[in-house]
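The questions below go through a structure one point at a time. Each answer ends on the item asked for.

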2 protein chains.
Amino acid sequence: APPNPRAGQHLATNCAACHGSDGMSVDTSIPNLAGQHYVYLVQQLTAFKNGGRVSPLMTELARPLTEQQIADISAYYASVPIQVAKPPGSKHQP
Amino acid sequence: APPNPRAGQHLATNCAACHGSDGMSVDTSIPNLAGQHYVYLVQQLTAFKNGGRVSPLMTELARPLTEQQIADISAYYASVPIQVAKPPGSKHQP
């Protein structure tokens, strides 16, 4: 089935403790996921699931996820709309 | 020396081709770095540099970077102000 952000939002309640309910994490060693690219998120969750990327915690959390669930969670965080304000000290308009 | 976002912005011109000049990448398999957490970025660049995280391209790019340069680049992307609009379908206000 196509990725389902709504189902992903529900699944992501398990991720919110670290990554924040909207993907803006509160701990500077934990990445923000808000508005992150869908394909990248699928790749990283899959890499954590199969150990290609090393993080004991993330591997434990990703291991039980199905491909569909990985797609849904990734679609949710990718769907969180983020905007970039003018970067500090930048002359150009983004 | 403390992390220097301005020096990092200059160094990040080497990253812009993939990650975008303000950290919003144009390829969905390449992560956005805009507003990403400083500590996380330092950890990931360092992991790429020492091979703890696997990416031939990123390891090649990170290998020549000094700790100061890693800190400066990370400080730059972390300094890009991003805002989350109301996530789609979410009942709560972020």
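Q: Against which helices of chain B do the buried residues of α5(B) pack?
A: This is a predicted model, where local features need pLDDT of at least 70, side-chain atom pairs count only at pLDDT 80 or more, and totals for chains, interfaces and linings use all residues. Residues are numbered from 1 along each chain as written, chains are lettered from A and ligands numbered from 1 in written order, and side-chain values use heavy atoms, without hydrogens and water. Helices are DSSP runs (H or I, at least four residues) numbered from the N terminus, and contact means heavy atoms within 4.5 Å. The buried residues of α5(B) pack against α1 (5-11), α2 (16-19) and α3 (38-50) of chain B.

Q: Which residues of α5(B) are buried?
A: Buried means under 20% relative accessible area (1.4 Å probe, protein chains only). In α5(B) these are B:Ile70, B:Ala71, B:Asp72, B:Ile73, B:Ser74, B:Ala75, B:Tyr76 and B:Tyr77.

Q: How far apart are the end C-alpha atoms of helix α5 of chain B?
A: The expected span is 1.5 Å times one less than the number of residues. For the 13 residues of α5 (residues 67-79) of chain B that gives 18 Å, and the computed distance agrees: 18 Å.

Q: Which residue of chain B comes closest to the rotation axis?
A: Superposed by least squares on C-alpha atoms of residues with pLDDT of at least 70 in both copies, chain B falls on chain A after a rotation of 180° with 0.0 Å of shift along the axis (RMSD 0.0 Å). That is the relation of a two-fold axis. The residue of chain B closest to this axis, at 2.7 Å (C-alpha), is B:Gln83.

Methods
Helix = DSSP H or I, 4+ residues; strand = E, 2+ residues; numbered from the N terminus. Buried < 20%, exposed > 50% of the residue type's maximum accessible area, 1.4 Å probe, protein only.
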